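Colleague: I have the model open beside its sequence, and I would love your help with a close look at a single part. Could you walk me through it?

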Amino acid sequence: PCAAAGELPGAALPDAGEAEPFGLHECSWRADSGAELELEFALRPDPASGDGEPVDLGGGVTGRRAARSDVFPACEVSWLHRPGADPGGVGEVVAIEVRDVGRTGLDACGLAVGAATGLRPELPTG
């Protein structure tokens, strides 16, 4: 995921630091301002059937946007990138979460949607 992100972290968080991989499926970037961006590839059920509101990611793809503010403001945008063999079952889901750990007032959902919209067409589909 760190390599797949390309220019995404710098565009979403201009003061983002170096990529911090976590296992094979997650990568995060932290900014001096206290903002964080996390990119994850996971095998999960299609987010279309989950909580959150639908968001158009372009190219006929609809993702789900889910905001929360339990500890600090955060927003995750996720979408089904590749369906699994079983329709309606588990597939490859991409999730981008932006967290305002420093409580700076940034628009976590706006940044997460922008990052997802920019990244989605760049991902391999084969």
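Where is the place of P124 in this model? Please take me from there into the parts around it.

Modeller: Happy to, and please keep in mind that this is a predicted model. P124 has its place in the segment after helix 2. P124 counts as exposed because its relative accessibility is 54%, and exposed starts over 50%. Leaving aside residues up to four places away in sequence, P124 touches H81 and R82. The C-alpha atoms of P124 and H81 are 9.3 Å apart in space, while 43 residues separate the two in sequence.

That takes us to helix 2, the element that P124 follows. Helix 2 spans residues 108-119, which makes 12 residues. From its first C-alpha to its last it reaches 16 Å, close to the 16 Å expected at 1.5 Å a residue. Its buried residues are A108, C109, A112, V113, A115, A116 and L119. These residues lie on the same side of helix 2, because they cover an arc of only 165° around the axis. As for what the helix packs on, helix 2 lies across strand 3, strand 4, strand 5, strand 6 and strand 7. With strand 6 (74-82), helix 2 makes an angle of about 20°.

Now the sheet itself. It is an open sheet of 7 strands in the order 1-2-3-7-6-5-4, with antiparallel pairing. Strand 1 (20-22) and strand 4 (53-56) are the edge strands, each pairing on one side only. From one strand to the next, the twist averages 25°. As a reminder, strands of a sheet pair through backbone hydrogen bonds, either parallel or antiparallel.

Let us start at the edge with strand 4. Strand 4 pairs with strand 5 in the antiparallel sense over 4 bridges, and V55 has G63 in strand 5 as its bridge partner. The two strands form a hairpin with 5 residues between them. In the turn of that hairpin, G58 has a positive phi of about 85°. Strand 5 in turn runs antiparallel to strand 6, to which 5 bridges join it. One point to find on screen is A66, whose bridge partner in strand 6 is E76. Here too a hairpin makes the connection, joining strand 5 to strand 6 through 5 residues.

Elsewhere in the sheet, strand 3 (residues 35-45) and strand 7 pair in the antiparallel sense over 11 bridges. Within that pair, L37 has V98 in strand 7 as its bridge partner.

Strand 7 (residues 90-100) also holds R99, a good residue to finish on. R99 counts as buried because its relative accessible area is 10%, and buried means under 20%. Its side chain takes part in polar contacts with two glutamates: one of 3.4 Å to the side chain of E38, and one of 2.9 Å to the side chain of E97. Not counting residues up to four places away in sequence, R99 touches G34, A35, E36, E38, R68, F72, P73 and A74. So E38 appears both among the residues that R99 touches and as a polar partner of its side chain.

To retrace the route on your screen, begin at P124 in the segment after helix 2, follow helix 2 across strands that include strand 6 and strand 7, and end at R99 in strand 7.

Technical notes: Residues numbered from 1 in each chain as written. Predicted model: local features only at pLDDT ≥ 70, side-chain atom pairs only at ≥ 80, totals over all residues. Heavy atoms only, no water. Buried < 20%, exposed > 50% of the residue type's maximum accessible area, 1.4 Å probe, protein only. Polar contact = N/O pair within 3.5 Å; in protein donor to acceptor, adjacent residues only side chain to side chain. Contact = heavy atoms within 4.5 Å. Expected span 1.5 Å × (residues − 1). Arc of directions from axis to C-beta. Pairing = 2+ DSSP bridges. Axes fitted to C-alpha atoms, helices over the stretch in contact; angles between N-to-C directions.
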